[in-house]
Amino acid sequence: MKVEEGMTIEIYTTSVIPIGAMFAMTLWLGNTAYLYISVAFAQMLKAIMPVAVFILGVAAGLEVMSCRMLLIMSVISFGVLVASYGEINISWIGVVYQMGGVVGEALRLIFMEILVKRKGLKLNPISMMYYVSPCSALCLFIPWIFLEKSKMEAHGKWNFQPVVLILNSLCTFALNLSVFLVISRTSALTIRVAGVVKDWVVVLVSALLFADTKLTVINLFGYGIAIAGVAAYNNHKLKKEATRNISDDSQDAQAIPMAASSNPNR
């Protein structure tokens, strides 16, 4: 792939490195949370993601607070609280880790939006991985040396499973590639609807596969409320994007005759 022109040391330092660091933070804290809470409950807590992204977006000047958005954020938050209340074996340490991972992912998305909107550098998922992945690997490697390497050595022989790691890495790469292909062939609406379906599949399948997952009626009711809020958020964002695109098209249409009339050769 052609590497985008315009990537400078200044942009890499101020934009790409923070994105890589936040991605590493998301991976570290999010994976650690699975040691304390079930996969299904972790997925329920991830429903709070739009709230974190919106709040940080307002702080960064990328989003505008409105009554409609405040209502949607309240519905999502209430749904997650109800789902947490219905959790039988809740571990607050796991919840803190998962929330830390959510904040890291929200910051990563905010930094990516700043990179695209304010730095003017457009990256697709493949080229984004090209720049961000090495930085994320380094951000994970440094704390691993100081915090985890000694613990692994204390246990003696490392229980390293290369096949599982390789399959995991291939799934991650395939996920990023498939998101890019789906958006390029269909629309952002498709990937967002598929994301909601994926969330429910993760919750239900994990309840069938893992013994530590015990879903309750309150669990599912609260998660249903949160997902309804997420769907309303996606619908609001897509309508906003459609309105912006129509406005841009009308401005371009008005600019063409003005440019033609100002051309002295016509």
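The following exchange asks how several labels on this predicted model follow from their definitions.

User: What kind of model is this, and how are its residues numbered?
Analyst: This is a predicted model, in which local features need pLDDT of at least 70 and side-chain atom pairs count only at pLDDT 80 or more, while totals for chains, interfaces and linings use all residues. Residues are numbered from 1 along each chain as its sequence is written, and side-chain values use heavy atoms, with hydrogens and water left out.

User: What makes up the chain in terms of helices and strands?
Analyst: The chain holds 9 helices and 0 strands, where helices (H or I, at least four residues) and strands (E, at least two) are DSSP runs numbered from the N terminus. Among contacts (heavy atoms within 4.5 Å) between residues at least 6 apart in sequence, 85% join residues at least 24 apart.

User: How does the UniProt annotation of residues 12–29 and 92–116 compare with the model?
Analyst: The unreviewed UniProt entry lists both ranges among those under "transmembrane region"; UniProt positions are given in the numbering used here, feature names are shortened, and annotations may be inferred rather than shown by experiment. In the model, residues 12–29 are 100% helix and 0% strand, with end C-alpha atoms 24 Å apart, and residues 92–116 are likewise 100% helix and 0% strand, with end C-alpha atoms 36 Å apart.

User: Why is the pair K198 and D199 called a salt bridge, and is each residue buried or partly exposed?
Analyst: A salt bridge requires a side-chain nitrogen of Lys or Arg within 4 Å of a carboxyl oxygen of Asp or Glu, and the closest N and O atoms of K198 and D199 are 3.1 Å apart, so the pair qualifies. Buried means under 20% relative accessible area, exposed over 50%, and partly exposed in between (1.4 Å probe, protein chains only); D199, at 15%, is therefore buried, whereas K198, at 45%, counts as partly exposed.

User: Which other pairs meet the salt-bridge rule, and how are they placed along their helices?
Analyst: The count comes to 3 salt bridges. E105 and R108 meet at 2.7 Å, N to O; both lie in helix 5, 3 residues apart, about one turn of the helix, and both are buried. E153 and K149 have their closest N and O atoms 2.5 Å apart, and they are 4 residues apart in helix 6, about one helical turn. E153 is partly exposed at 43%, as is K149 at 27%.

User: How do you know that E87 has no salt bridge?
Analyst: Lys and Arg count as positive and Asp and Glu as negative, while His and the chain ends are not counted. The nearest side chain of opposite charge to E87 is K214, 9.1 Å away, so the 4 Å limit is not met, although E87 is buried. E87 lies in the loop between helix 4 (67–85) and helix 5 (92–117), and, leaving aside neighbours within four places in sequence, E87 is in contact with S38, F41 and N219.

User: Why is C139 not counted in a disulfide?
Analyst: A disulfide is a pair of cysteine sulfur atoms within 2.5 Å, and the closest cysteine sulfur to that of C139, in C135, is 4.2 Å away, which is too far for a bond. C139 is partly exposed at 26%, and a search of the whole structure finds 0 disulfides.

User: What makes W144 the site of a bend?
Analyst: The bend at a residue is the angle between axes fitted to the seven residues ending there and the seven starting there, and at W144 helix 6 (residues 125–154) bends by about 55°.
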